Every structure is written in structure tokens, then in C-alpha cells.
Amino acid sequence: MDLQSRQDIEIGLFMQALRLRHGYDFAGYARASFNRRVRALAEASGAASISALTERLIHDEPFLAEVIGRLSVPVSEMFRNPPVFDLLRREVLPVLASYPQINIWQAGCAHGEEAYSMAILLKEAGLYARARIYATDISELALERARAGIYPLREAQLFSSNYLQAGGSGSLSDWYTAAYQHIKLDQALAERITFANHNLAADGVFGEMHLILCRNVLIYFGEPLQQRALALFRDSLVRGGFLCLGDRERPSEPRFAQDFGAIAPGASVFRRVTAR
Amino acid sequence: MAEAPAEIAEGAPLSQLRRWVADLSLLAKFRLIIFALLILFVCAGLAFLMVQQRETVARRWTVHTYQALWTAERAETALLNMRLSLRDGLLGADASKIEAFQVESDRYDALFSELRELMRDNPVQEVRLERIENLKRDWDEGFVRPSVERLRSPDLLQQKRSADDLLALINNGSSALGSLQGELTQMRAVEHGLLATRIGVLDRAAALGRDVVLLALLLALISTLYALIAARRLLAEPLRRLIQLIPDISAGGHAAAIPYRWRRDEVGEFARSLSALAKLVEGRAGDDWVKTRLASLAGDLQLADTHEAFGDALLRSLCPPLDAGYGVAYRWDALAGELQACASYGVSAADLSSRKFKPGQGLVGQCVAEKRTLSLSPVPPTYLKVVSGLGSMMPDTLSFAPLFSRGEIVGVVELASLKPPSALRAELLAQARAPSALAWQTLARSLRTAELLDVTRSQSEELRSSEESLRIQQEELQSSNEALRSRSQLLEQQSGQLIASEEELRAQAEELRLANETLRERSTALRARQAELEAARGTLERHAEQLERASRYKSEFLANMSHELRTPLNSLLILSKGLADNEDGNLQPDQVESARIVHDAGRNLLQLINDILDLSKVEAGRMLVVSEDVGLRGFATLQERNFRHVARSHDLEFKVVIGDDAPQTVRTDGTRLGQIVVNLLANAFKFTEKGSVTLHIGRPDEESLRHAGLAGLVPGRAIGFKVSDTGIGIPPDRLDAIFQPFEQVDSGTARRFGGTGLGLSIARGMAGLLGGSLQAHSAIGVGSSFLLILPERLDVAGAAIDASAAVAAEVPTAAATSRPAEPLEPSYAQAPASDERAVLLIVEDDASFANILAGLAARKSIPTRVVSSGAEALKAAAEMPLLGVLLDIGLPDISGWQVLQQLKALPATQQVPVHIISASDDLDRGLALGAVGVLTKPVSRESVLAALDRVIAPGGDGAAAPRRVLLVDDDLGSRAAVRKLLEPETAQIEEAQNASEASTALRARRFDCLILDLGLPDVSGLDLLDELSAAGVSLPPVVVYSGRELSPDEMLRLRQYTESIVIKGSRAPERLLDEVSLFLHALTPPRSAGAAAPADVVRDVAGRHVLIVDDDMRNIFALSKALRTRKLEVTMAQDGYKALTQLDSNPGIDLVLMDIMMPGMDGYETIRRIRERDQWKQLPIIAVTAKAMTGDRERCLQAGANDYCAKPIDIDQLMSQIRVWI
Ligand SMILES: C[S@@+](CC[C@H](N)C(=O)[O-])C[C@H]1O[C@@H](n2cnc3c(N)ncnc32)[C@H](O)[C@@H]1O
């Protein structure tokens, strides 16, 4: 038996162990990407083989956080893909302003960059006081970093230029202080952000939302799991609520087209269609 | 180069022209020729025409002259004839000749005038004509006239005699005529001269014409010839030459030798293409040459197997074609990092190895550093010469070509060429670089591989020996494995023991659970009992409430009744008094007595009624209290005076004493105080037969104050009125009873002493109203004392009731009791009910109100008909066409409902709009039965007018009734804006600018949607909603349109009524429209009135109190609704902190449903905080969370939750969980 198929068996067993031992089911993930993550995990944690990894997973309780942390891909930027934020600022926020309370769900928040970006948008629009941002992720490690709101100084430049491209009215540096090669975001931004663990593959709706951002998360999922996540979003959104997906994420299933319409042709922001 | 301008300058005009012609395109050339010929023909034609013209003119002149000659001749003839006739006449004395003369004379005149005409262009001849005329005149004078006269004279024959005279006459005539003739002849001579010149002109013109034609022909011939020659020179010849060149070109190309390329016409183009073709052919040949060389080079290089052989091969292939006299090849030595000469051509190879260069060193190194071929020309004379057997030669050019393969330097080739470099040779060198570099690199690699192979071979040798030693180690390992295996067997045994102990543990746990279960059962039983108790208490409370309500109803009834009774009694008393007084003196004494009895009885009745009224007012809390300053001295004197004569008549002592410590005045309700004290005194006198009655006013003592149970009243701030007597006394067990209404110590006493027995109840009630108390002390046979204690200063706000409330409470009663007496408007004569005219039917049994309605209708010029009963109404409806109906419900015969139903049942009156105006408040029933609106009495003028509007112009009819929207906003502008916004909805929009208007409208009519601004001037929108829903008014779907943001608490409150909340802003209007139209187009209203509790009300948890903690409104409301329909009591908290406060303020909470994911303090933390408090250690908490994984459940339980429920919530499952934990 060749190396490849042996490894496939190992990964299958690892996945099963993860589900049975900790309840995390990754079966719905895009297979190839998941396999890579597992291999990377094995390498990073110094396990001789994936089976060794499985063993450790079963017996070493605190290891789970690291496993989940490494299986997920918590890469992000502030104001990533600036035109989307510009669109949110121009088209979506004025509508949200008509709700007495604005609930925003940022699913798959990684290290919180997007949640803070959203907070800045809201602050600048004067809507933050009645907004709530729920930033959720599957990885506890990522959430920890998100709560801290500290990023390497070298990223600040990119963040700033994104911010300006997104039509920011001031300077991003108004919102952070730099020290020791890092920037720390203003704590006032975190005031109305709730960072919480939520697994799109297993958990349910937790509240009524007016805007949901879930960018670059569905790409890691297989078709049925994507559908599940979209159903969650649909059930969470109020009539006329907004859903913002990643640039590469245009679900093709007919149900999606029935429930959502893009707010502008080609835009990655959708609106929950009013059911009449 | 220098010759060309000279050449052009030499033949400048011609060659330039030819060049220009040659440059013209073919078509242009043809055009030029044809154009030139055309011009030629046109010129010739024109010249010919001109000549012709001239000839014509000349001919005309000739004719003219002929004419003149001819005329002159004829004139002369006429003259001669004239003379002849005259002479013949004269001579023959023949008068008839005169006729012939006359004819000739006329002809002459005509000819002469013709002559004159012809000569007009010739002045000389004109003068001559003048002269001829004169001569003629002379002739006429001298000859003609005398001759004519003679001929005419009658004595012609006599005159014949004088022949000489006659002759003289004739001669005379001849000489004159002769000069005349001479002139004419001269004239003809002149004309002849003219004729000759004119004929000459004519001839010349003809000659010119011939010349022109000949010239034109000649020119045409010449130019055609020239054109033919030019065509041959400019086109045929060059083309032929070019075509001849083609085979040459295809053979090898002489691009430079192709003529005519300078020309700009097609020939030039052709030549240029040929030249391009020639160049191409030339290039191809060069390419082929290069390729052949390269191919042979590659072949040679492949054979080499050492660096030296390679260098040799390279140089041998390159030098001859490149005309290089000598060459050196350098190899790159990667280890040494330098270039090393390895082969040479044309020079001795002896000292090659000493030639080494680092990159950048010398020209060899330099070309490597620059990565390009370097050339040097001319070569300095000190440089090496190319030597042959016959001599030596200086090379012309030095070239250094670096060889790079995949970016790595491989070697350098140095060449010395004898000839200057040509493009082709440079090309060969350039192209040879890459393949030779690659081949060289390949060679270097394969040499290196061979080396490595040697090394590996020796290493494998070493390996084989180490394997040997490994095998030995393995054997050792195997033996230690054996040992391990036995140890693991031991372990297995131990783990078996472990399992056993685990089993034991599990058993223990089982037992424990059992014990727990019993405990739980017991506690459940306890709880059940508690629940029963609770239920019992609930029933009790309800009973108490019912009782309370009943007594309130009673008081109200009494109040109403006595009011009604007093009115007739008034007249009764007045009339009976009149009779009893017997003022007219016409009654018998026994009749008077009867009348007095009637009067007394009436007075008693009135007293009773007044007392009942007072009592009921006191009991119903409707007694009006005003506080004023009452002077105690004055008060005492008044009482003394009032009762002095009673005391005297009963022979009793009466004392009024004011204590020293008493203040001057007290602040209280004087009237009520008087009433109480008078009542007490009257009682005292009534029950005392001998002894004394005393009224003592002063500070009460500590003891009695305490007894009075008036909290907060100190002796210094209170005043006491004590009435003591020495009467029969009251038995102690009856002391309380005397204050109960309708009770006396014994009924016998009552009969003996009269009185209603209500006095003391009223007095005590009033005392209470005044903030004080009334107590009694008594001993049978010794006497009684009643002590009234009041606060010195009655604080109205603090008193049991204040004036405004009392008034407010009293008003509706009065309104309901007294019929509206005076009409607001003068009576309106009823319109006679004509059969055809449709009328508004007013059904109202209260005549004055009916009158008011009719009056208002008349204002709007609506014809009316008023009826006062249901039967009449139906009759009227059958008799006449109706505009509409205003309908009262409380009618004397059948109820208004029935009337409405019947009207709606009859086809004729089905469509007639009916508006109900009634005291009944069963609004929905009327609307359900098809009324267009409902008004509750009492009504305002405006509301009646609005009702009239609605009846006369009801909004649409039948099924397609427009949707109705109530718009509540205090700002006119924003109402207008919303109205505009909703235009496309074609809804009927009614506006209200404050809460009370909105409330009236909502109570009166059904709406499909309510748009509500929260900030209203009177009552806030939120309070309005609370109020309406508390009053049981069924609300339409509500859309809140607010100008300000909302606090979380407000949102929570609002959420009970609606989810549609729109905050004003730029994009708000579109959302408002969206929300409103959702409701307007909904088939069934989304908020169906709370469905009746479903069958599965769980008895054992009903009435239990649950706290829901969740940050999400939707969840809170969904849950609380579900729980409420199952008869649980629900309290909500939107976050952890609020949950803690709610728990603090509601100790009765039985269970907590706790959301986990919340902002601020999350669910885990909140549960932990709850568990920190002792009294909540046992409080059941069910965690409710969207998280569904195994670990999540554990975390909840760890934090202290008793159970766990995953979202979305399955309500049945949650209910069974609740049942388990309560
Ligand atoms: C590439 S990041 C996207 C970050 C951010 N949204 C952006 O677009 O820049 C993907 C994130 O999704 C999270 N993720 C992956 N699977 C998830 C799941 N089942 N539920 C919730 N989050 C998940 C990962 O932890 C990771 O942080």
C-alpha cells in the first residue's frame, strides 16, 4: 500500500477521534485543504506520524486547543478587501441606522481584525452605541488573540492603507497605540464586541441579526456544510437583513438565490429577501 | 553623394518635371495625358468658333453695302422718271401725266427714307444725304412745283403758247437734277469703295479659319506621339528592367542594385518590394550559413570528453568561419573561482595553463563581469601578431565572448579576427554562445557525476561493515523485549483490578443517586404542598378582591340610587309641608295630621338617604375633603349654642371645655369636623336621661393616641374632641359593632330613639378621611365617651383622598346618572320625511341627545329623521331610503345590536352605513357586525362630526375596502411626509396628533396598521400602547417610527407589541414603507391575538415563576410567549447584571433559563455569581445555548447550571426539563 492511501486512513481515523473524543466534526470540510492542515499540524507539533497525533489528541486534553487552532486558518486583515467595507459604509449602514438596535454577527472572526474594523465603521457612523457585534470563531486560541486586539506593528501599514481605501475619514492611527513592535487597538472598540466560541458546523442560531459577515470561511467547507452555515445565517437574519460573504463565495444552490439578493450586481453583500 | 545635387541642378527644369511625372501614379499619368488632349481640342474649337463669328459679321456688312447701292440706284431712277413724267406732261400739256409723276415721287420718298436708314452708321454719307435732300428741295422749288401747278391750272392749253418759258422751266429742272444725280453717283461710289474693303475682310476671315484647323490637327498629332513615347520610357522600360532582375534576386539578391526605388508611383513600389524580397533572400542565406556552422559546431562539441578537447573543438569550429587568426578558450574553474585557458588556435599551447583570470580582471574577466561580448578595434600595435610561414599580420578586431548557461558562467572564448567584423559573423558568434555554453556545462556536470560516483562506491563499502554491527545490537534488543512482554502481562492483570474497583465505584454512585431521588421526591411533595397553599392564598386574595369590588359596586349603586331618590323626595317634602301648614285653612285637623306624618316620614327618608349617600361616598372614597383653618373657640361656641336648648329640654347639663394646651386654630375640613361632632353630641343627648354631656377639646394624651393607632402622630401635633355622657352605656362586646353601618346596640333601642344608625359609621369614616380616628369607651350604666383625634394640620396630599381625585371620581357618576338635560343647540324642526329624499336615521331614546345629533347633522345639511325605539327604526328603514344610521344600543324595546343585525340582514339596507353611538363599550362587537364605527358616550362634538363624516362618506364599500392606517405623530410635517411616502399603497390614512386622539380612534374603529411616533405631547407612545392593551383594545399591527433612539428597556417594552421599529434617518423611509406594506398586504394579521392556552397546560408548573436571561429580544419573546401560554409567570432580563437584580427583587423566582452567549458578563459567569449566594445555591438553572457540542454541555454544568437546553429550543423538551427541576 502506498504512502498516500495509508495517510488517508490515518487522517480518517484522526478525524473520527476528533469527533468521538471532543465532538468536533470536520467531515464536512473541503477534503484536500483539511488533509493539508492535518499534515501541517503533525509537522508543527513534532508528531512522527498522523497516528501519533491521533494518540496525543485522545489523551492530551489541553492539546485540543492547539489542534483546533492549527486546523483553522486564522488569517485576516483589518478592512480586508477595502471596497467591501466602503460598500458597507455607504449602502448598508444607513439602512441599519433605522433599527433601534443593530446586531452584527461576524462568523469566523480569526484574530478579530474584521470585528474591530466593523467597530470603527460603526463608531465613525455614530451607530456604535446601539450596535452589538458578536464575533465568533471555532478556535479558542484565535479568540484569545482577538480579545487582546494586539497585532504586529509591521501589519499596521497594510491596515492603514486598507482603511483609507475603504473610505475611512480619519486615520487608523486614531484607533491604536503602538509600542514594542506591536499595535494595540483602542479598548473602546471592544466595548460592544462579544467574542465567543461558535462552531458553524455544529452550533445553532443564537440571536436575531441585522448584518452577518462571514468572509473566507465557507471556502473551507464542503457543499453540505456550506448549506448548513447559510441556513444558520438565513434563520438569524431579520427580514431585510444583510449578509456579507467573501469575494470568492457565491453559493450556487437555488435556495440561496431564493432567500438572498445581491444589493448591487456582482457585490458580495446580499440582502435577505422580504418574504411576502 | 556630392554628385547628385549637381546633376539635378544641371538638368534642373526638365529633370525635375520628368521626376515629377515619373512620381505620379499610373492613373494620374493617364489622367494627365487625357486632360492635356482635351484642353487642346477645346482650344482649337474655341478658336474656330471665333473665326466663324468674325466671318459672319463681315458678310453682314457686305450685304448692307449692296443694299445701300441698290437703293441709291433705284432712287436715281425714280428721280429720272419723275422728271420724265413732268416733262412729258408739260410738253404734251397732258394733265394726266401728273398721276404718273405722283407715283414716282412717292417711290422716291420711300427709297430716300430707306437710304437714310441704311446710312445711319456712316456720318460721311449722312452729310451727303443732307446735301441730296437740299438739292431735291431746290429741284422741287425750281421745277417740280411750277410744273405741277402749270399742269393743274385750267388754262393749261393757253400756257402752251409760251413755249420758251416752258423750255426754260424744263432746263432749269434738268440742271438741278443733274447736280442731284451727281451727288447720288458719288454716294454710290463711296459705297462701292466700302464694298471692296468689306469683301477683303471676309476673305481674310475665311483664311484664318482654315489655319486654325490645320494647327489643331498638328498639335494633336504631336502630343499623341509624345504620350506614347513617355509611356514607353516611364512605364514599360522600367518594368521590363525590374522583371529582368527577378531571377537574379531569387538566386542571391542584390538588394542594393535595384533601380527606381526612389520613385513614388507603382513602379517605385514594385521596386521597393523587390528590394525587400531581395533583402529577405539575402538574410535567409546568411541564416542558413549561420545554421550550418552551428550544426557542425554542435556535432564537433558532442564528441569532446575533456575540457581541453572541448576547447579545441570549439575553437576549430569557430575560428575559420569567423576569419579569426587565433583564438583561446578559457574554462571556468568553479573551485578556484577563476577562468583558466584550456585550448588555443593559431598560437602555441605551451604556456596556456599560466593564463588565468578572475572575473573583472583583464578583458577576459571583464566580459564575464559584464555578461556580454566585448570587441576591441583597432587592435593596438603592441598586440600579438598573427604569424604565418610567410609573414605576420596585425589582427583587425579582438572579441571576447563569455559563455553562460542558465545564468552560470561556463567559459570565455577570445578571438582575433583579421577582417573587420560583419553582421553575419557577429550573429554566428552570438548564436554559438548559448549552445556551446550548454554543451560545456553538460560536459562539466557529467565529469563531476563521474567523480561523485567514485566517492559513493567507496561509502557503500563502509556501510556494509556497519550493518554487521547493527545485527548484533538487534539480537540484544530481542531479548530485552521478552522481558518487557512479561511486564505488560502484569500490567494487564492490574488493569483488570482497576476495572473492578471502577465497577464498585459505579455501584456506589448508583446508591447515591437513589438516595438523591428520594430526597428529591420529598422536596417535590413539599413544593406541591407549598403550591397548594399558594393556590389557596391566591383564591383568598381573589375572593377578597371580589368582595372589595362588590362593596365598591354597592356603594356606587347606593350613591346613584340616593341621587335618584332625592329628586322626587324634594317635591314631596315641599308639597306635604304646604299641606301640613294648612295655609288655606281648608283641611280637617286629622288631614293636617296626616300631612304632617307624610312630611315627617319624608324627612326621615331624606335623612336616611343623605346618610346612605354620605356613607357610600365615604366607603367608596368619594368624599371631597378640603382643608381650611378652623378656629376652635368659634367652633366650641357654635356647638354650645346648637345643643343648649336640647340640653335644657332634656334637663341635662351641657359643658364645652377647651383645654389650655389647645391651639387657636386647626387645619382641617371644618364641615366634616362639624358633622362628626354634631353626630356624637346628638347621640350623647339621645342616650342620656340624666346627668351631663361634655365636649372637651384639647391635646390627646399619649395613651389614647397609641390606642388610636395613628402612626406618625405625636401628642403635640394632634387635637382631640371628646364627647362624654352619663347615659346608659354600651356593652363592651358591642363597642365595635356600633361603628358598623346598619347596626345598633339593639334594635329595640333604635326603635325607641329613632335615627338611621348610620351616624357613627359615617363619623368614623369621615374621621379617617380627615387623617384621624374615632374611638369609643363605655361602661354600662356609667356612661360613654367618644374620642375623635385629628392631626392638627391636615395635609391634603397625604390624606386618604384629595380634592381633585374626588372630583374626578365623582364626575362620571353624575354624568351617567343625570340625563343630558339641556340641549346644546336650539331644537331643530325635523325635516318632514318626504318619501323620495334619503335621510340620516338617528335612533336614540334620549330626546335631548337626539336633538343634539340632529342639530349637528343639520349643520352639515344632512336631512335627518329621529326615532326613539328599535321598532320605529326598523319601520323607518323599510319606509324611506337611508343615507346612514346613528344607532344607540340601549333602546327601550329591542337592543341596538338587534337593529344593526336586522339592517344588515335586509338586502335593501345592507349597504347603509351604520355608526354606533352608545354608552356600551363593547366596541369590537359593533365592528364585527358591520358598523362603520363606534363612539362611546359621553361624546364630544368633534367625534360626532367625524362620525357623521364616516357615515355619509364611508371609505369605499364592500370587499375591496382600502386598508386603513392610523398615523400618530405630533409633527405636521412628518405626517405629511409619511402620507406622501404611503401614497403608492392607496391606503386610507387617518391622522392623530396626540395619544388621546389616537386612543379614541383606535377604540372607535378598526385599522390595518398603526404608525406610531413615540414622542407625543400628552402620553408617550409606549404608554399609549400599554394603556390600550391593558384596556383590552385589540391593537392593529404596530410600526413604530421614532425620531430618537431607544433605550434597551424601551425596546424590551415595545417588543411586546411590535418588531417593526424604524428610527428616522436617510434610509428610514424605504424601510417604513416596507414594514407598513408588509402589514397592509398580509392576508392574515401577523400578530393574531394571543391564542388561547393550549391543552397541554402543565398543571404542576402552572403559575411558577421563571426568569429568562437572554440578550436577544427575539429569543426572549419567543420563549416568554411559549411559557406564558403554558401559564407560567415570566420575568425577563437582558444581561447577567439585570438577571442578578431581578433575582434580588423577585425572591419568588422558581427557575432560571440562562443564555450563555451574552455581551458583558456571559452566562457561565452569571451562573457562577448566582451560585455564590447562599440563598440561590439550590435555585434551578437551565442553560440555554446555541452551542451543541459535548464540551459545551459540560462547561455549563461545571459553571453550576443544573441542566442544559440547546437552541433552537424544542419547547416540549424544555417543558419537561422545567418540570424535572421545579
Ligand atoms: C481565513 S479566516 C477568515 C477571517 C476573516 N473572516 C477574513 O475574511 O479575513 C477563517 C476563520 O474561520 C474559522 N472557522 C473555520 N471553521 C469554522 C467553523 N466551523 N465555525 C466557525 N469558525 C470556523 C477559522 O478559525 C478561521 O479563523
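Reader: In which helix of chain B does L215(B) lie, in this predicted model?
Author: The model is predicted. L215(B) belongs to a helix of chain B that covers residues 163-251. That element is helix α7.

Reader: Is L215(B) buried or exposed?
Author: Exposed means over 50% relative accessible area. L215(B) has 52% relative accessibility, so it counts as exposed.

Reader: What accessible area does the nonpolar surface patch with L215(B) have?
Author: L215(B) is joined there by L218(B), L219(B), L221(B) and I222(B). Together, these residues have an accessible area of about 490 Å².

Reader: Is G240(A) buried or exposed?
Author: G240(A) sits in strand β8 of chain A, residues 237-245. Buried means under 20% relative accessible area. The value for G240(A) is 5%, so this residue is buried.

Reader: What distance separates the C-alpha atoms of G240(A) and R272(A)?
Author: Along the chain, G240(A) and R272(A) are 32 residues apart. In space, their C-alpha atoms are separated by 4.8 Å.

Reader: Which ligand atom type pairs with Y29(A), N199(A) and L200(A)?
Author: A polar side-chain atom of Y29(A) lies 2.5 Å from a ligand nitrogen. For an N or O atom in the side chain of N199(A), the distance to a ligand nitrogen is 2.8 Å. L200(A) uses a polar backbone atom, 2.9 Å from its ligand partner. In each case the ligand atom is nitrogen.

Reader: How much of the ligand's accessible area does the protein cover?
Author: On its own, the ligand has 600 Å² of accessible area. Its shell has 11 nonpolar, 7 polar and 4 charged residues. The protein covers 99% of the ligand's area.

Reader: Why does the salt bridge between E124(A) and R89(A) tie together separate parts of the sequence?
Author: The closest N and O atoms of E124(A) and R89(A) are 3.3 Å apart. E124(A) lies in helix α6 and R89(A) in helix α5, both of chain A. The pair therefore ties together parts that are separated in sequence by 35 residues.

Reader: What separates K136(B) and D140(B) in helix α5 of chain B?
Author: K136(B) forms a salt bridge with D140(B), with 3.3 Å between the closest N and O atoms. K136(B) is buried at 9%, while D140(B) is partly exposed at 24%. Because they are 4 residues apart in the helix, their separation is about one helical turn.

Notes
Residues are numbered from 1 along each chain as its sequence is written. Chains are lettered from A and ligands numbered from 1 in the order in which they are written. This is a predicted model: local features need pLDDT of at least 70, side-chain atom pairs count only at pLDDT 80 or more; totals for chains, interfaces and linings use all residues. Side-chain values use heavy atoms; hydrogens and water are left out. A polar contact is a pair of N or O atoms within 3.5 Å; within protein, one must be able to donate a hydrogen and the other to accept it, and residues adjacent in sequence count only if both atoms are side-chain atoms. Accessible areas come from the Shrake-Rupley method with a 1.4 Å probe; for residues, only the protein chains shown count as cover. Ala, Val, Leu, Ile, Met, Phe, Trp, Tyr, Cys and Pro count as nonpolar, Asp, Glu, Lys and Arg as charged, and the others, Gly among them, as polar. Patches are made of residues with over 30% relative accessible area and no salt bridge: like charges are joined within 9 Å, nonpolar side chains (Val, Leu, Ile, Met, Phe, Trp, Tyr) within 5 Å. A salt bridge is a side-chain nitrogen of Lys or Arg within 4 Å of a carboxyl oxygen of Asp or Glu. Helices (H or I, at least four residues) and strands (E, at least two) are DSSP runs, numbered from the N terminus. Buried means under 20% relative accessible area, exposed over 50%, partly exposed in between (1.4 Å probe, protein chains only).
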